There are 2 protein chains.
Amino acid sequence: MTPSEAGTTPRERYRAQVRAEIKDRAWEQIATAGASALSLNAIAKQMGMSGPALYRYFGGRDELITELVRDAYRSLADAVRAAAAKDGPDVRVLAHALRDWALEDPQRYFLIYGTPVPGYHAPDDITAIASEIMAHLLDACAEVGGDAPEGPFDTHLAEHRDWADGHPAPPAALHRALTFWTRLHGVLSLELAGHFTGMRFDPALLFTAELDDLTGRPPAQGLC
Amino acid sequence: MTPSEAGTTPRERYRAQVRAEIKDRAWEQIATAGASALSLNAIAKQMGMSGPALYRYFGGRDELITELVRDAYRSLADAVRAAAAKDGPDVRVLAHALRDWALEDPQRYFLIYGTPVPGYHAPDDITAIASEIMAHLLDACAEVGGDAPEGPFDTHLAEHRDWADGHPAPPAALHRALTFWTRLHGVLSLELAGHFTGMRFDPALLFTAELDDLTGRPPAQGLC
DNA sequence: TAACTTGAGTGATAACCTCTAACCATGACC
DNA sequence: GGTCATGGTTAGAGGTTATCACTCAAGTTA
């Protein structure tokens with residue numbers, strides 16, 4: 001009875017609602033058993049309907065997973081955008097936004113940055129969202145101007161900056177964005193994968209140590 | 001007719017040979033289609049025998065995969081040990097040994113460092129091999145003595161060094177080993193997962209740039 | 001040499017999975 | 001009221017892991 005969004009027929013609303021519920025159940029399954037254990041049959045059974053009914057809503061398992069990947073990217077882009085809007089385009093707030101988002105649902109993180117399935121290639125709209133995230137990161141990295149060491153990779157980046165998509169950041173900022181990405185992903189993915197559980201140290205401290213290094217504190221002008 | 005190893009009955013030799021062939025086929029499948037697409041049935045069909053015969057050699061799919069993970073760890077440990085024995089326990093030769101080994105079979109790398117399956121816990125002998133790899137890394141990181149910035153994470157590591165397993169490296173070396181691991185894994189895993197293919201830059205240059213940073217060249221006393 | 005024991009491989013079977021095909025009921029629209 | 005798209009069903013093809021009972025050959029022992 002709630003009119004909610006005008007211009008949508010009740011059929012469309014019902015359809016959207018069922019699609020959303022399917023995706024919710026899929027997320028539950030992924031969070032508990034991983035993406036490879038996702039079962040359309042189990043989802044249908046959970047929802048009280050049997051098997052092939054789901055094919056009215058998704059072309060198949062692959063299409064559902066692609067949709068989930070898209071939602072994951074969108075969710076990450078939202079988190080990054082919100083953090084940048086709230087606390088400014090700072091590299092530290094972006095890093096903590098990323099870490100919080102990753103810890104919130106590790107399997108969702110791995111759905112984006114985990115082991116790739118060899119044949120798969122992401123559709124264009126997904127790479128578009130990814131480049132929006134990268135744009136926010138470039139904004140933050142362009143903020144911190146500072147010294148540009150200008151290594152060989154920076155000169156290489158000066159000629160291979162298509163991925164920056166016209167962003168006016170200097171090559172050193174591009175380099176900084178890439179190392180930001182790879183380093184935080186390195187510690188985050190190993191932590192989420194449980195490779196640190198045996199060792200007893202606190203992964204959060206390693207993360208902030210890497211972040212401190214990234215923002216230029218300890219390695220160059222640290223308190224040594 | 002070849003006597004090969006004395007003390008082994010022909011039955012045992014045959015069994016070992018079939019087990020090896022099963023694992024070879026499994027590696028082929030994993031390399032081309034990923035670990036999730038591994039099919040015992042397909043392997044059996046390829047070997048000319050039908051289905052349940054493989055259960056004489058492996059308890060099941062999980063046990064076979066665990067064996068492959070073990071072999072992957074052993075292969076990486078061999079590569080690292082060989083590199084350290086040949087060119088000394090240097091951090092750069094270890095890094096390149098790791099990268100070469102990873103590029104040789106990306107899916108093998110992901111079998112170790114990729115998306116984890118939530119319930120799974122590695123058996124003890126596997127973690128033992130992992131800690132042997134870590135020992136080689138600690139040797140290399142203890143070599144480069146140098147300045148110890150002594151950040152908060154280093155003081156934390158001074159009290160949480162059980163994972164070093166009695167290695168006499170100072171906390172700064174432990175820290176260096178961890179960042180070595182996480183940073184190289186960060187750039188390597190993103191490269192192998194294909195996240196750099198859209199952007200045109202050369203991942204090898206990013207890798208060596210990270211390595212240069214790790215060994216202390218550009219960030220502190222670079223050519224800036 | 002003959003009998004026995006062990007182990008490899010088989011087909012049948014159960015329980016899952018994805019996905020297609022055919023069919024039926026219900027609600028919207030003319 | 002008739003037409004028709006839409007969502008649901010069951011049946012079935014073809015795939016998977018995994019277990020079971022069984023056969024048969026090889027190795028071992030008396």
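A polar contact is a pair of N or O atoms within 3.5 Å. In this predicted model, Arg15(A) offers one such pair: an N or O atom of its side chain is 3.2 Å from a phosphate oxygen of DNA strand D. Tyr57(A) also uses its side chain, and here the distance from an N or O atom to a phosphate oxygen of the strand is 2.6 Å. Ser50(A) reaches the DNA through its backbone instead. A backbone N or O atom of Ser50(A) is 3.2 Å from a phosphate oxygen of DNA strand D. Two elements give two or more residues to the surface near this strand: helix 1 (10-33) of chain A and helix 2 (40-46) of chain B. Helix 1 of chain A provides the largest share, with three residues.

The wider surroundings of the strand involve both chains. In total, 18 residues surround DNA strand D. The closest are Arg56(A) and Tyr57(A), along with Leu40(B), Asn41(B) and Arg61(B). Of the strand's atoms that come within 4 Å of the protein, 67% belong to sugar and phosphate. The protein surface near the strand is mixed in class. Nine of its residues are nonpolar, four are polar and five are charged.

Chain A carries an annotation in this region. An unreviewed UniProt entry places the feature "domain: HTH tetR-type" at residues 16-76. Over these residues, chain A is 67% helix and 0% strand. The C-alpha atoms at the two ends of the segment are 22 Å apart.

A separate domain assignment divides chain A into domain 1 (1-59) and domain 2 (66-214). The centres of these two domains, taken over C-alpha atoms, are 30 Å apart. Ten residues of domain 1 are in contact with eight residues of domain 2. Together the two domains of chain A bury about 730 Å² between them, and 71% of this area lies on carbon and sulfur atoms. Three residues stand out on the domain 1 side. Lys23(A), Trp27(A) and Ile30(A) supply 65% of the area that domain 1 buries against domain 2, more than any other three residues.

The two protein chains also meet each other. Chain A and chain B each bring 49 residues to the contact. Between them they bury about 4100 Å², with 71% of it on carbon and sulfur atoms. On the chain B side, Thr115(B), Thr182(B) and Arg183(B) supply 12% of the area buried against chain A. No other three residues of chain B supply more of that area.

Technical notes
Residues are numbered from 1 along each chain as its sequence is written. Chains are lettered from A and ligands numbered from 1 in the order in which they are written. This is a predicted model: local features need pLDDT of at least 70, side-chain atom pairs count only at pLDDT 80 or more; totals for chains, interfaces and linings use all residues. Side-chain values use heavy atoms; hydrogens and water are left out. A residue is near a molecule or strand if one of its heavy atoms lies within 4 Å of it. A polar contact is a pair of N or O atoms within 3.5 Å; within protein, one must be able to donate a hydrogen and the other to accept it, and residues adjacent in sequence count only if both atoms are side-chain atoms. Helices (H or I, at least four residues) and strands (E, at least two) are DSSP runs, numbered from the N terminus. Ala, Val, Leu, Ile, Met, Phe, Trp, Tyr, Cys and Pro count as nonpolar, Asp, Glu, Lys and Arg as charged, and the others, Gly among them, as polar. UniProt positions are given in the numbering used here, feature names are shortened, and annotations may be inferred rather than shown by experiment. Domain bounds come from an automatic or database domain assignment. Contact means heavy atoms within 4.5 Å. Buried area is the accessible area (1.4 Å probe) that two parts lose on being put together, summed over both.
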